[in-house]
Amino acid sequence: MSLFEKFEDKSRLLKGLLEQSPRDPFSVSMDEMLGPTRAMVKGKEIVLAGTNNYLGLTYDEGAIEAACDAVKSSGTGTTGSRFANGTYAGHKELEADLAEFLGYKHCIVFSTGYQANLGAISALAAPPNDVILIDADCHACIYDGCQLSGAETIRFRHNDPESLDKRLSRLGPEVKGKLVCLEGMYSMFGDVAPVKEFVEVAHKHGAQVLLDEAHSFGVFGEGGRGVCERDGVLADVDFYTGTFSKSLASIGGFVASNHPELEYLRFSSRPYVFTASPSPANVAAASAALKKISTDSSMRTRLWENAERIHAAFTQLGFELCAPASPVIAVKLKNKEEAFMAWNVLMENGVYVNLAIPPGTPNAASILRLSVSAAHTNEDLDVVVDAYTTLSQILAKGAA
Amino acid sequence: MSGIQEDDDLVFHKITSLLEPLNEKGVKLTRETDIIADLEIDSVSLLDVVMDIEDNYDISIPVNTISEIKTIGELVDAIHKIKKEQS
């Protein structure tokens, strides 16, 4: 019996798939970045179509300049927690800017989006009298937040407010706090939550809503404030969580709220207290990207044009798609083996997408997950459509 | 006593009917069957089966409880306990 024994059975399945696969989809190295949508991988130029770089701001001149200035003025790292020596003027300004942009009174910046959810959920709900209700397809960081909190956690059916309603109705009078967690757009399939209905159901039962807009911030709503803005319930969300590592083109995360009690998290949230704060460069880049998003909607327009084009092209090619058009376009394959094969075909044809297989996917689906960027040029998208056309021909031959 | 036994059988049969489509190797399902190890299904698939059980019996089974369950028999017992608590 050794520590490693438990990995053997699990890794055996993956090993079989990897041995058959010319490239390892889970250890791709971008040897040289050429821009927001291109990289060199093993000597070949690849179009990046699995990045979450929705607005394409990773090479925005203003953000790069702000990050460089921050390094020069404030150093390469904070070497400490937000709770101790790691809160600089930049962190406070970004919190104020995010709160203002979203229209909330309070905001707390964390070191990653993962930690924002982990930190908020684990601090807000506590055993034995609080209950957390989560959408079945929530991201791992929400599940982990529940585990760290130790509170009783109940799953409801994905995107099904009636399922939440039933589960809230079953709770006994001993339950005090009720925290409902869901996401705006889900990362794997790109499907969108009926946020308005969820908020209504939760509030009817006296529950509070934590909405993770990691993938939908900057993408949905008139001003890019997420699915809850689009659905007209931005002000009704109790806890709005987000990340800097997608539309904000940096790394970090945040929780925003109108509840003044949010400030309690600054000393009760372990993922806030016991880790170093985001570096000055990360904070400055996110601040610059936020300013750009709040004044310029052209990236969002371009993003949706690109999403519509790819979704229409894939539909025409006869692929089974997991959701209506959104910046995440997932193609469902028959099984893991076919998904590995398809992923390799796309790489050979110069396109990187994310390969996702169970248990990391809903409904045990094997998918190729593509994310569109506003920075994708028409030429980039031509390469993508050509590669998927080749793939569809290969799949058709295999089926014949 | 016989009433409990009969009910126990009904829950057991319900669970096995939900697990059978995932039982690709055709393992004989008993109270002692280890759901994840013997049936070689992943933890997420188990959570989805539990969701069907919840809707069938109109109960909520916390994730915390599921993570402690290994065998079909333990799942049957947990359902009886929760049915009693939540009725």
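Visitor: What makes β1 and β12 of chain A the edge strands of the open sheet?
Guide: In this predicted model, the sheet has four strands in the order β1-β2-β3-β12 (chain A), and the pairing is mixed. Residues 32-35 form β1 and residues 351-352 form β12, and each pairs on one side only.

Visitor: How do you know that β2 and β3 of chain A pair, and in which sense?
Guide: Strands count as paired once there are at least two bridges between them. Here β2 (residues 38-41) and β3 (residues 44-48) of chain A have four bridges, so they pair under that cut-off. The sense is antiparallel, and Arg38(A) stands opposite Val47(A) in β3(A).

Visitor: Over to the helices. Why is α6(A) called roughly parallel to α7(A)?
Guide: Their angle is about 10°, and angles under 35 degrees count as roughly parallel, so α6(A) gets that label relative to α7(A). The axes of α6 (residues 161-169) and α7 (residues 195-204) of chain A are 9 Å apart.

Visitor: Which residues meet there, and what classes do they fall into?
Guide: On the α6(A) side you'll find Pro161(A), Leu164(A) and Asp165(A); they meet Glu197(A), Phe198(A) and Val201(A) in α7(A). By class, that contact has four nonpolar and two charged residues, with no polar ones.

Visitor: And the contact between chains: what does each chain put in, and which helix of chain B gives the most?
Guide: Chain B and chain A bring 12 residues each. On the chain B side, α3 (43-57) and α4 (63-66) each supply at least two residues, and α3(B) gives the most, with five. By class, that side of chain B has six nonpolar, five polar and one charged residues.

Notes: Residues are numbered from 1 along each chain as its sequence is written. Chains are lettered from A and ligands numbered from 1 in the order in which they are written. This is a predicted model: local features need pLDDT of at least 70, side-chain atom pairs count only at pLDDT 80 or more; totals for chains, interfaces and linings use all residues. Two residues are in contact if their C-beta atoms, placed from the backbone, lie within 7 Å. Ala, Val, Leu, Ile, Met, Phe, Trp, Tyr, Cys and Pro count as nonpolar, Asp, Glu, Lys and Arg as charged, and the others, Gly among them, as polar. Axes are lines fitted to C-alpha atoms, for helices over the stretch in contact, and angles run from 0 to 180 degrees between N-to-C directions. Angles under 35 degrees count as roughly parallel, over 145 as roughly antiparallel, 65 to 115 as roughly perpendicular and the rest as oblique.
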